[in-house]
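Work through the exercises below with the model open. Each task is followed by a solution in steps.

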Amino acid sequence: MRLMPVRFTLLPRIRIRYEGFTNQLLILVAILLMIPILLSVYLFHMVHSTELGMIRNHRENLEEAMNYLDDSLNSSFANILSSKEVRGLPRRDQENYLNQALSPIVERARNKYPGVDLGFYSVDFDVILDGNNEHLHENFSTRRKRYFDDALQNNQMIYEVLGQSGTGQLETYQPLVRDGKIIGLVWANENIKGIYKTVDDIQRVVYGIIFIGALLGFGGAFSLVNKFARNVNDIKKGLGVMGSDPAFILPEATGELGQITEAINEMYKKLINVEKYNDLILTSIDDGIITIDNNEKIISINSAAGRMLNLDEYCIDKTIGEVLPGSPFTHYLKNTLKGRPVKDLNAVDIVPGSSRHLLINTSQMYNVRQELVGALLHFRDITEIVRLQESFNRQERLAALGKLVAGVAHEIRSPLTSITGYLQFWNRGHAPSAKSLNIVNRELYRLSSLTDQLLEFARPSKAVFVEYDLNSLVNRLVQFFSDAYSGKLEILCRPDENLPPALLDPHQIEQVLTNILYNSYQVMEGRGRLEISTWLDDKTGMLGVAVRDHGSGIPEAVIPHIFEPFFTTKSKGTGLGLAIAHEIMEAHNGKIQVESRVNEGTTVTLYLPQAGRGDTDVKSIDR
């Protein structure tokens, strides 16, 4: 039975959404066409700036001409008319005389600045003096009178551009000051009609260029977009066919679209090859694999999973709850989607009608954008491995039992030898002495203590787990050792003040720590510094207790054997203390680690679970 092991492929990733693509392209083209429009606006601005610049140049020319005329007049109008002959003439004759007197000055200025009409204005006579007596007494316009008055009242130069669409006249007026008094004005004007004609010619050329450019740009852009949209639509239809026909390839195209089409065809071939390769792998392996999407629908089931769970290809696209209702597999996959994956879970009797052991792992699936897209369940039949492991463990337990029996026999032989010797001595008629009775009593106590430790190791007491403050237990033991073994031993305690409560049996953990502290005391011979610290391990979430001494240390070859029963380096030790401590820590779902360097010291670290984490409640548990 072949089951469609890979339903999900990378093909949907190249199904580009083309809706609105043409409009987006048109917007892009329009944005690109805005560039010549903006350039046209800029060109208009430059034309206007050019016009203002040309007017500014002419204005500066007029200002220079007026300054020249002002500088050429060495005296005031009153001084010119100060002779006795002129003083008695009528007003009109005085105006004629003054105008004739100013004529050489005005003429030199006109020769120096050709094309500029200029002259003076007298406040006293209210006439324009330009050296020409023929129109001396002609009335000037109210406009020019207004400019005269503005310049005189404000005592500043004014200028005005007149007739932009007609004559194109630029006029300037500047106060004429003599002896600190304004006696009139110096004026000048120039015909700038040529400037506007040049500007008009430039604008007509600009309008023509803009119109032709816009016509060609928009026409060509829309033609290009239309052609491009047709090619894209062909590619879109081809991609739709690819989804159902693995043998289909996109037809060739020209230009960049041809390169895109070729790349899509090449990528599609690789995807088909990858799909076949994955299909072959998933069909060949003996491990079961099930994948679901975010909606809990099954994406794929390989052949091994189909055989073990009696499933077929018709379960694809159905929810895992419909296919495996009430199954632990369903529970594991749903929890994985919620961020609670399973790691190396050994489950038995999980498949109905089967007593097989399965090693189960689940993981979340992410796409290239690190978005959650589903969950994967991987399970392996480890029934035979478990059976072999049980057989090996049985042999190992028998070997350990033999070693334990040998150790017990060795430990019992010595006190029994002493007791038997004294009993034989007394049977020969010798009376027991106080010393011999004490020795027999000591050996009997030794046998009793050994029996208690063996019972503690073989049949450990019931552990009662409660929430407990680990720091208070450590502080109590530190206080006890400080009081009991005061002298040259310095005990330094560094507890973590923010330590959460632990889940432990206080009596048993106190027994473990007492054994460790006493061993350290013996190694340091009652002298030196003993360091004890507590902390919370952020990675594992477990509480740590470390006891560090500065004794002789433990050789590296000895460390792997220190938790074995009856293994000891002490002359009078039984070798059961650390073995019992190891059993207690395993019952607490904790760990005990030993690190040591010869002549530097030893650190023994305990790791205990904190209360309120995981599925273990506060209850009694047998080790």
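Two strands count as paired if DSSP finds at least two bridges between them. The model is predicted.

**Exercise 1. The open sheet**

Task: Which strands form the open sheet, in what order, and which are its edge strands?

Solution:
- Step 1. Five strands take part, in the order β7-β6-β10-β9-β8. The pairing is antiparallel.
- Step 2. The edges are β7 (298-301) and β8 (345-348), since each of these pairs on one side only.
- Step 3. From one strand to the next, the twist averages 25 degrees.
- Step 4. Look at one pair. β9 (residues 357-366) and β10 (residues 372-381) run antiparallel over nine bridges. Within this pair, glutamine 364 stands opposite alanine 375 of β10.
- Step 5. Add the helix. α10 (residues 328-337) packs on the sheet and touches β6 (288-293), β8, β9 and β10. The direction of α10 makes about 145 degrees with that of β10.

**Exercise 2. The nonpolar cores**

Task: Find the largest nonpolar core; which helix gives the largest share of this core?

Solution:
- Step 1. The largest core holds 33 residues. Leu470, Ile509, Leu513 and Leu606 have the most contacts inside it.
- Step 2. Helix α13 (residues 470-484) supplies the largest share, six residues.
- Step 3. Centre on leucine 513. Beyond four places in sequence, leucine 513 touches Leu473, Val474, Leu477, Val545, Val547 and Leu606.
- Step 4. Another core of 30 residues lies apart from the largest one. Its members include Leu62, Leu98, Leu170 and Ile192.

**Exercise 3. Glutamine 610**

Task: Is glutamine 610 buried or exposed, and what does it contact?

Solution:
- Step 1. Locate the residue. Glutamine 610 sits in the loop between β18 (601-609) and β19 (620-622).
- Step 2. Its relative accessible area is 14%. Buried means under 20%, so glutamine 610 is buried.
- Step 3. List the contacts beyond four places in sequence. Glutamine 610 meets Pro500, Pro501, Ala502, Leu503, Leu536, Gly541 and Leu543.
- Step 4. Check the polar side. A polar atom of the glutamine 610 side chain lies 2.8 Å from the backbone oxygen of glycine 541.

**Exercise 4. Cysteines**

Task: Classify cysteine 315 and cysteine 493 as buried or partly exposed, then count the disulfides.

Solution:
- Step 1. Cysteine 315 has a relative accessible area of 5%, so it is buried.
- Step 2. Cysteine 493 is at 24% relative accessibility. The buried class ends at 20% and the exposed class starts over 50%, so cysteine 493 is partly exposed.
- Step 3. A disulfide needs two cysteine sulfur atoms within 2.5 Å. By this rule the count is zero.

Definitions and conventions:
Residues numbered from 1 in each chain as written. Predicted model: local features only at pLDDT ≥ 70, side-chain atom pairs only at ≥ 80, totals over all residues. Heavy atoms only, no water. Core = buried A, V, L, I, M, F, W, Y, C linked by side-chain atoms within 4.5 Å. Buried < 20%, exposed > 50% of the residue type's maximum accessible area, 1.4 Å probe, protein only. Helix = DSSP H or I, 4+ residues; strand = E, 2+ residues; numbered from the N terminus. Contact = heavy atoms within 4.5 Å. Axes fitted to C-alpha atoms, helices over the stretch in contact; angles between N-to-C directions. Polar contact = N/O pair within 3.5 Å; in protein donor to acceptor, adjacent residues only side chain to side chain.
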